[in-house]
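Trainee: I should like to learn how to read the features of a structural model, one at a time. Where should we begin?

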Amino acid sequence: MTTPTGGTPAAGGAAGAAPPAAGTGGGPGGAAGNAAPPGPAQAAGEGQPQSADGASGAQGNGEGGVQGEPPRSGPGAESFEATGRMGQGSLRHDRVRNAFANVEGDVFGGDKYVLLLGGAQRRLRTISPLLDERVRFAYQEPPGLSAAREALAGRHLLILRGAPGHGKTAMAVRLLQGMGATAKYHLDSDVDFASLVDLLERGGDSIERGAAFLLDQPSAIAGLRGEVYEKVQGALALAGAWLVMTVSSTEVADSELLTAVVDVTEAPDQRGIVSSHLRWRLGDAVRDRLLADDGIGKLLDELLDGDPACKQAADLAAAITEEWETGQLDPEGIKKRRARQADEDFDIWVESLREPAARTLAIALAVLNGLPQEYIATAARALRERLEDDRPHVLMAGPNGEPPRIKDPFAAPRRTQLTRLRARDIGKENGEPGRALEYKDPSYPRRIIRHAWIQYEIQNELLDWLSALVVDPAEEVRVYAAAALGVIAAESYTYLCDQVFHQWAQSENPLRRDAVAYALQIASRDPWIREQADMLVEGWFADRRRPYAQATAARVYGMGEDPELAVAALARLTVVDRATVAVAVGRSLTDLLAQNTDSAELVLRTLHERSADHRRRPTALLSFLIVAAQVVVGRGESGTDGYMEQWPALLYLAHHREELRAPFIALWRESLNQAEFGEEAQQVLRNWAAVAERDPSLRAMFQLMVGAIAYGDPRTGRILRRCAADWVDPDELAPLPLTTAVVHAQLDLERV
């Protein structure tokens, strides 16, 4: 990019925003987990809530009256907070995406893989971690496994054929585990083989190389012919992927498929399956003790005397384990557990968590699944306190004369609790020390939240608890709690509207308004709720008497999947002269751009057009500054300290996309020259300069951007000189001498 001699220069950019320097009002931006903790004035982590006129609100439970009249802009104003933290929007986008993935049963918080089946898009589901773990640690290998493994390695496609009960699914998972796959997916039975070929051949963003697929009882197997089979096998080989199908004995209809068939004919050793599962669950010593028990021996003779059934043997081992963990070993109790297990495994398990400590931890883990354990433990304790019986207790001394403990925080260590909860601990993200907790089965969070809401009369306590979590100082906790509200709203939409959404939509607290937007996005997966929610939001949008409701509507539109519709709606709101609405519009445009950078042209062009209207100019320019501050892009590589540099996204995009440069430069020029949000503009520019200070490539592009903004405009040049002078002021705690030097050099070149 060079300074033009007759046109508007290009803007420079790149990837990875460093934390803004001290004294700018911003905290660290960039990588997840690096956000600075809020100070005393940021009670809910997003800054002091603002009134419609920018006044601070005392919140208590999220509501309150006006306490004062801080300036509409500058330090202490909502606009200043929104433009002060580099990368806040990109970080928020990642956290919201992870929170939505948690309650949608998607093990990936990142990209959503989809598979085209018969012309329809469906989520590509991973093999259940519970199934994967059982097979990895408790599988009883049959004699023909080695030959089947060699056949799969050579062909990339295998068809396991056998009668029901012979363990074909477990064998398929075991074979895929042996291929060293990058990820293992469970395909729907109605998979369209032609679409599968297309998916594998596209590669790239569609599916990672080296993936493995399990296809149980495909409905189209009778119609699978040799030519399609050859295409699937070839695509698998090119993608370095593997596919194992399980079919019944008579389902293969084309003789050309027989080369891929491995027959599973040998009856499984059901006692061996029980033994291996007991060893995995309880260890060798307890396993041997149980199998030596006469009552257990008779039970095995009774229940395993019949047709082969691998799953039933594994379920029997699970029933024995659960009975053992109760402190009893009643064969009749085991038989009852097993009888209910096939269809009620989840209900039996969740109802077995009888202690309040176990149940509250299960619910807290469901809501905050995958977050650091300290957040989950704190939330579980808060829920338990809300549910505890506060009536007076009569205590009787024990045998040793000591009174019993009503509350015992040391009753069970975390490792024991995780075993009971079918959960595990994992490392925190980005190399941070400490552990996070998650359920092994990604479908559990949503199911547990629904179970707690539907099965027990604790609705008020749950809503009160979630109401506190959505204003927690940690943004991750807030968005995960809001997603949980969305799960509840999908069951009780009208009730949530009456109890929560109408009130929160008009709250002074922006965190509650955000929670409404996130919850409605989750609940609106249901078509009926989507229609009702659309009408609800349209009412908020058009209500000029309630600017907070309009701000909530703006946040909902920021969650939209159609950027053109969303940007058009947000553009209409720029006529509302309220700082709260302007900040909501800017944050929503940030969300849209963080989700899809291809919408940058639409966003910049729309804001530039609106800035030409004096009524819309303040909101349009503040929205631009918020987007400029909050959206960053990564360089794609980490430094020696593990920190990934991030650059301002608009600077990077304008440098690489010529169509963005004119509105980008014009918006920067207008932002620096207007008086209403001038301090916000200088704050964002200073934060960009701080990023450029530590990166020569970005500094060069920043220099050219400065030249483009000042080109032919002496007044803007003088403003830029004053800004640069402030960056090296003797009282500046974090001076920027390198960036200041290049700014002065460029302005000298421009003679301004």
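Mentor: Let us begin with a definition: helices are DSSP runs of H or I with at least four residues, numbered from the N terminus. The model before us is predicted, and its protein chain contains 32 helices and twelve strands.

Trainee: Which residues of helix α2 meet in a salt bridge, and how are they placed along the helix?

Mentor: The general idea is that side chains of opposite charge can pair when their charged atoms come close. Here the side chains of D94 and R97 form a salt bridge, at 3.4 Å from N to O. Both belong to helix α2, residues 88-103, and because they are three residues apart, about one helical turn separates them. D94 is partly exposed at 30% relative accessibility, and R97 is partly exposed at 27%.

Trainee: How many residues apart are D132 and R136 in helix α3?

Mentor: They are four residues apart, about one turn of helix α3, which covers residues 129-138. Their side chains meet in a salt bridge of 3.6 Å, N to O. As to accessibility, D132 is buried at 14%, whereas R136 is partly exposed at 39%. The cut-off behind this reading is that buried means under 20% relative accessible area.

Trainee: How many salt bridges are counted, and which residues do shared partners join into one network?

Mentor: The count comes to 34 salt bridges. One of them is formed by the side chains of E609 and R610, at 3.8 Å from N to O. E609 is partly exposed, with a relative accessible area of 45%, and R610 is partly exposed at 25%. Salt bridges with shared partners join R92, D514, R555, R587 and D591 into one network.

Trainee: Next, the aromatic residues. Why is the pair of F100 and Y518 classed as it is?

Mentor: A pair of aromatic rings is described by the distance of the centres and the angle of the planes. Ten aromatic pairs are counted in this model. For F100 and Y518, the ring centres are 6.4 Å apart and the planes stand at 75°, so the pair is edge-to-face. F100 lies in helix α2 and Y518 in helix α20, residues 510-523, so this pair ties together parts that are 418 residues apart in sequence. F100 is buried at 9% relative accessibility, and Y518 is buried at 4%.

Trainee: Which residues do ring pairs link into a cluster, and which residue lies over the face of W504?

Mentor: The cluster linked by ring pairs consists of F624, F664, W668 and W688. Over the face of W504 lies R512, at 5.0 Å from the ring centre.

Trainee: How should the backbone angle phi be read, and where is H156 found?

Mentor: Most residues other than glycine have a negative phi, and most peptide bonds are trans. H156 departs from a negative value, with a phi near 70°. H156 is found in the loop between α4 (145-155) and β4 (157-162), and this residue is buried, with a relative accessible area of 14%. R422, which is not a glycine, also has a positive phi, of about 55°. R422 occupies the loop between α15 (414-420) and β9 (423-427) and is buried at 16% relative accessibility.

Trainee: What span does helix α7 reach, and which of its residues are buried?

Mentor: Helix α7, residues 226-239, has 14 residues and reaches 20 Å from its first C-alpha to its last, close to the 20 Å expected at 1.5 Å a residue. The buried residues in α7 are G226, Y229, V232, Q233, A235, L236 and A239. Just after α7, G240 has a positive phi of about 65°.

Trainee: Finally, what do the values for the chain as a whole say about confidence and burial?

Mentor: Confidence in each residue is expressed as pLDDT, from 0 to 100. The mean pLDDT of the protein chain is 79, and 79% of its residues reach 70 or more. Over residues 1-68 the pLDDT stays under 50, and the model has 221 contacts beyond four places in sequence for this stretch. The pLDDT is also below 50 over residues 636-644, a stretch with 13 contacts beyond near neighbours in sequence. As to burial, 54% of the 752 residues of the protein chain count as buried. Among contacts in the chain with a separation of 6 or more, 73% come from residues 24 or more positions apart.

Notes
Residues numbered from 1 in each chain as written. Predicted model: local features only at pLDDT ≥ 70, side-chain atom pairs only at ≥ 80, totals over all residues. Heavy atoms only, no water. Helix = DSSP H or I, 4+ residues; strand = E, 2+ residues; numbered from the N terminus. Expected span 1.5 Å × (residues − 1). Buried < 20%, exposed > 50% of the residue type's maximum accessible area, 1.4 Å probe, protein only. Salt bridge = Lys/Arg side-chain N within 4 Å of Asp/Glu carboxyl O. Phe/Tyr/Trp six-rings, centres within 6.5 Å; stacked < 30°, edge-to-face > 60°. Lys NZ or Arg CZ within 6 Å of the ring centre and 35° of its normal. pLDDT = per-residue confidence, 0-100. Contact = heavy atoms within 4.5 Å.
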